[in-house]
Amino acid sequence: IGAINVGCLLLARVIDRRGELATCAALGADRRRLMLQLFTEALVLVAAGGAVGALAGPWLLDGFLALSPVTLPPYVRLEADALTIVLAAGTLGVAALVAGTVPAMIGRHVAPGDVLREGGRGTLGRGAERTWGALLIAGETALTLVLLVAGGLLVRSYDRLETLDMGFDRDGVARLAAL
């Protein structure tokens, strides 16, 4: 969801910078170079967000656990290991692709003559820009809905497991197994 948010912001920024991109294209910059510039900007933005998330993650986790109405058993430890770091790095790579590809594709189709003739008018974007923006917003809404439903089902399943009658006294069993 964060990647789609960043993608929408970068798309709005590319639409706003159409004059700058058209000027660069008119001065001889090829489309591949303009796409690479836009994609690099997205990559730097996503990497900075990932670094801030990695630094703030432990404090946020402690805060969420303190506010949680459910107490975790002592054998459950929430900490970052190598697999978590690799998964986060992969997620950041996908986020950079999502956040950078659509604005770079839109920026690639800048026609210098048309944009420079407009003289700054029409900053709302054309049909392609509006279509991509609508698709990004629809994707963000769909992902949010899926995450909310999955989170609700997870909490509901955990609550049912806590109250499930196992047929034996389970107090202290998990602690012995964890030792």
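This briefing covers the fold, one internal cavity, one buried residue and one surface patch. The model is predicted. Its protein chain has 7 helices and 0 strands. Of the chain's 179 residues, 19% count as buried.

**Overall fold**
- Read from the N terminus, the elements of the protein chain run α-α-α-α-α-α-α.
- Helix α1 spans residues 2–16.
- Helix α3 covers 31–67, and helix α4 covers 82–108.

**The cavity**
- The structure holds 1 cavity of 30 Å³ or more.
- The largest cavity has a volume of about 40 Å³.
- Its lining is made by Leu10, Arg13, Val14, Arg17, Leu38, Glu41 and Pro103.
- Two elements, α1 and α3, each give two or more residues to that lining.
- Helix α1 gives the most, with 3 residues.
- Sorted by class, the lining has 4 nonpolar and 3 charged residues, and no polar ones.
- Arg13, Arg17 and Glu41 are the charged residues of the lining.
- Leu10, Val14, Leu38 and Pro103 are the nonpolar residues there.
- As general background, rolling a probe the size of a water molecule over the atoms shows where empty space is left.

**A buried residue in α4**
- Ala99 sits in helix α4.
- Ala99 counts as buried because its relative accessibility is 0%, and the cut-off for buried is under 20%.
- The C-alpha atoms of Ala99 and Leu10 are separated by 7.3 Å.
- Along the chain, these two residues are 89 residues apart.
- Leu10 is also one of the residues that line the largest cavity.

**The surface patch**
- Leu65, Leu72, Tyr75, Val76 and Leu78 make a nonpolar surface patch.
- The patch has an area of about 420 Å².
- Leu78, one of its members, lies in the loop between α3 and α4.
- Leu78 has a relative accessible area of 45%, so this residue is partly exposed.
- That value can count towards a patch because patch residues need over 30% relative accessible area.
- Leu78 is not classed as exposed, because that class needs a value over 50%.

**Points to locate in the structure**
- For the cavity, start from α1, which gives the most residues to the lining.
- For the buried example, go to Ala99 in α4.
- For the patch, go to Leu78 in the loop between α3 and α4.

How values were computed:
Residues are numbered from 1 along each chain as its sequence is written. This is a predicted model: local features need pLDDT of at least 70, side-chain atom pairs count only at pLDDT 80 or more; totals for chains, interfaces and linings use all residues. Side-chain values use heavy atoms; hydrogens and water are left out. Patches are made of residues with over 30% relative accessible area and no salt bridge: like charges are joined within 9 Å, nonpolar side chains (Val, Leu, Ile, Met, Phe, Trp, Tyr) within 5 Å. Accessible areas come from the Shrake-Rupley method with a 1.4 Å probe; for residues, only the protein chains shown count as cover. A salt bridge is a side-chain nitrogen of Lys or Arg within 4 Å of a carboxyl oxygen of Asp or Glu. Helices (H or I, at least four residues) and strands (E, at least two) are DSSP runs, numbered from the N terminus. Buried means under 20% relative accessible area, exposed over 50%, partly exposed in between (1.4 Å probe, protein chains only). On a 1 Å grid over the protein atoms alone, a cavity is a set of points where a 1.4 Å probe fits but cannot get out, and a pocket is an open set with protein on both sides within 12 Å along at least five of seven lines; lining residues have an atom within 4 Å of a point. Grid points are joined across faces, edges and corners, and a volume is the space filled by probe spheres set on the points.
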